[in-house]
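User: I would like to go through this structure in short questions and answers. Please begin with what the record says.

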Amino acid sequence: RPQWRGVIEEYRPLLDLPEGTPAVSLGEGGTPLVHSEWLSGLTGGDVWLKIEGDNPTGSFKDRGMTAAISVAVHEGAKAVVCASTGNTSASMAAYAARAGLTPIVLVPEGKIAAGKMAQAIMHGAEILMVRGNFDDCLRMSRGLADHYPVALVNSVNPVRLEGQKTASFEVVDRLGDAPDYHLLPVGNAGNISAYWLGYKQYAALGRASRKPVMRAFQAEGAAPLVTGKPFPHPETKATAIRIGNPASWKLADAAAAESGGRFAALSDEAILSAQRELARRDGVFVEPASAAGVAGMLSELDAGESYAGATVVITVTGHGLKDTVTALEGVGSLVDTVIDADVEAAAAAAGLG
Ligand code: F0G
């Protein structure tokens with residue numbers, strides 16, 4: 001069985017990329033669709049988790065970044081820039097390193113999870129900590145790309161969405177058709193827009209008989225798509241989606257409206273509790289923001305919504321190891337049983353004896 005070649009080589013004829021674009025790839029995509037026994041049992045439906053933390057840098061961003069960096073190389077760029085809440089910068093830094101481009105990263109000071117920052121540092125990014133939030137960083141990235149010789153690789157670059165839409169292709173290729181519902185977190189709104197592009201394309205090609213209802217979830221402190229108004233001071237422990245004025249607002253609204261879907265907001269407590277439950281019940285450890293789709297499903301069930309008999313895909317967007325500090329804050333003491341190096345002591349302490 002040949003090795004998975006990354007999303008550009010696997011899906012090139014379906015991607016709108018300039019003729020002759022090379023593939024700067026780390027083998028991204030081809031991520032597992034794992035059946036959730038827990039959520040299927042709870043709903044009486046068939047619930048699948050698309051595990052995007054299994055991408056090379058630990059988030060779905062790699063799908064779009066292979067495309068954006070490949071096109072930047074094709075167009076002769078020497079440097080690339082992005083604003084990020086952490087994952088985009090980790091991904092950009094890795095792919096830029098591979099391509100020999102200079103990565104420049106703008107991040108909100110003090111609001112980036114340690115794992116993501118470590119990635120950007122290790123891949124040699126020029127990291128600029130901005131006294132401001134993600135929305136400020138994005139405005140600055142656009143300004144730099146407009147006035148200096150540096151290519152912008154945020155998802156306002158349409159090539160990013162071309163790469164990211166491959167996640168929908170994979171879901172349909174695996175399930176044999178589109179699901180009834182697709183749930184996911186939303187921040188800057190590139191991902192929901194990309195999924196919807198992919199589902200529409202597969203339906204138009206006759207590779208799927210339907211398109212899913214898209215339901216997307218934000219944190220209450222950063223929920224512009226729910227309230228319809230920008231949040232000037234977005235705040236949430238799910239730092240990946242701490243965004244007050246999403247760049248792909250219109251595309252995301254269209255995805256929700258055209259699919260018969262909607263947006264909803266969740267408390268940080270609900271998101272962090274879903275993160276813990278998912279780790280304990282399904283063995284899937286995701287970062288806080290990544291649990292928003294699961295938290296969304298749980299809160300809808302509480303409100304009387306039914307997914308009985310439905311096929312549902314929930315994208316879990318990034319790996320839990322990205323942000324162990326926030327994860328462990330909710331668990332209390334860490335290692336609290338210290339024993340002598342002795343089998344009997346271990347058995348007694350572990351409740352086996
Ligand atoms: N989940 C994770 C783990 C993310 O990192 C992001 C976005 C999202 C969900 C939301 O996706 O922005 O396409 O709606 N992270 C960006 C970043 C903003 O800079 O890494 P979206």
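User: Which residue does the UniProt annotation "modified residue: N6-(pyridoxal phosphate)lysine" cover?
Analyst: The model is predicted. The annotation comes from an unreviewed UniProt entry. The residue it covers is Lys61.

User: Is Lys61 buried or exposed?
Analyst: Lys61 is found in helix H3, residues 61–74. Its relative accessibility is 17%. Buried means under 20%, so Lys61 counts as buried.

User: Which residues is Lys61 in contact with, leaving aside neighbours within four places in sequence?
Analyst: Contact here means heavy atoms within 4.5 Å. With its sequence neighbours within four places left aside, Lys61 is in contact with Asn87, Thr88, Ser91 and Arg160.

User: What volume does the largest cavity have?
Analyst: The structure holds 1 cavity of 30 Å³ or more. The volume of the largest cavity is about 330 Å³.

User: Which residues lie nearest the centre of the largest cavity?
Analyst: The lining of the largest cavity comprises 28 residues. Lys61, the residue under the UniProt annotation, is among those nearest the centre. The full set is Phe60, Lys61, Gly187, Asn188 and Ala240.

User: Which helix gives the most to the lining of the largest cavity?
Analyst: Helices H4 (87–99), H7 (158–164) and H9 (190–204) each supply at least two lining residues. The most, 3 residues, come from H9.

User: How many residues of the lining of the largest cavity are charged?
Analyst: The lining divides into three classes. Nonpolar residues number 11 and polar residues 14. The charged residues number 3.

Conventions
Residues are numbered from 1 along each chain as its sequence is written. This is a predicted model: local features need pLDDT of at least 70, side-chain atom pairs count only at pLDDT 80 or more; totals for chains, interfaces and linings use all residues. Side-chain values use heavy atoms; hydrogens and water are left out. On a 1 Å grid over the protein atoms alone, a cavity is a set of points where a 1.4 Å probe fits but cannot get out, and a pocket is an open set with protein on both sides within 12 Å along at least five of seven lines; lining residues have an atom within 4 Å of a point. Grid points are joined across faces, edges and corners, and a volume is the space filled by probe spheres set on the points. Helices (H or I, at least four residues) and strands (E, at least two) are DSSP runs, numbered from the N terminus. Ala, Val, Leu, Ile, Met, Phe, Trp, Tyr, Cys and Pro count as nonpolar, Asp, Glu, Lys and Arg as charged, and the others, Gly among them, as polar. UniProt positions are given in the numbering used here, feature names are shortened, and annotations may be inferred rather than shown by experiment. Buried means under 20% relative accessible area, exposed over 50%, partly exposed in between (1.4 Å probe, protein chains only).
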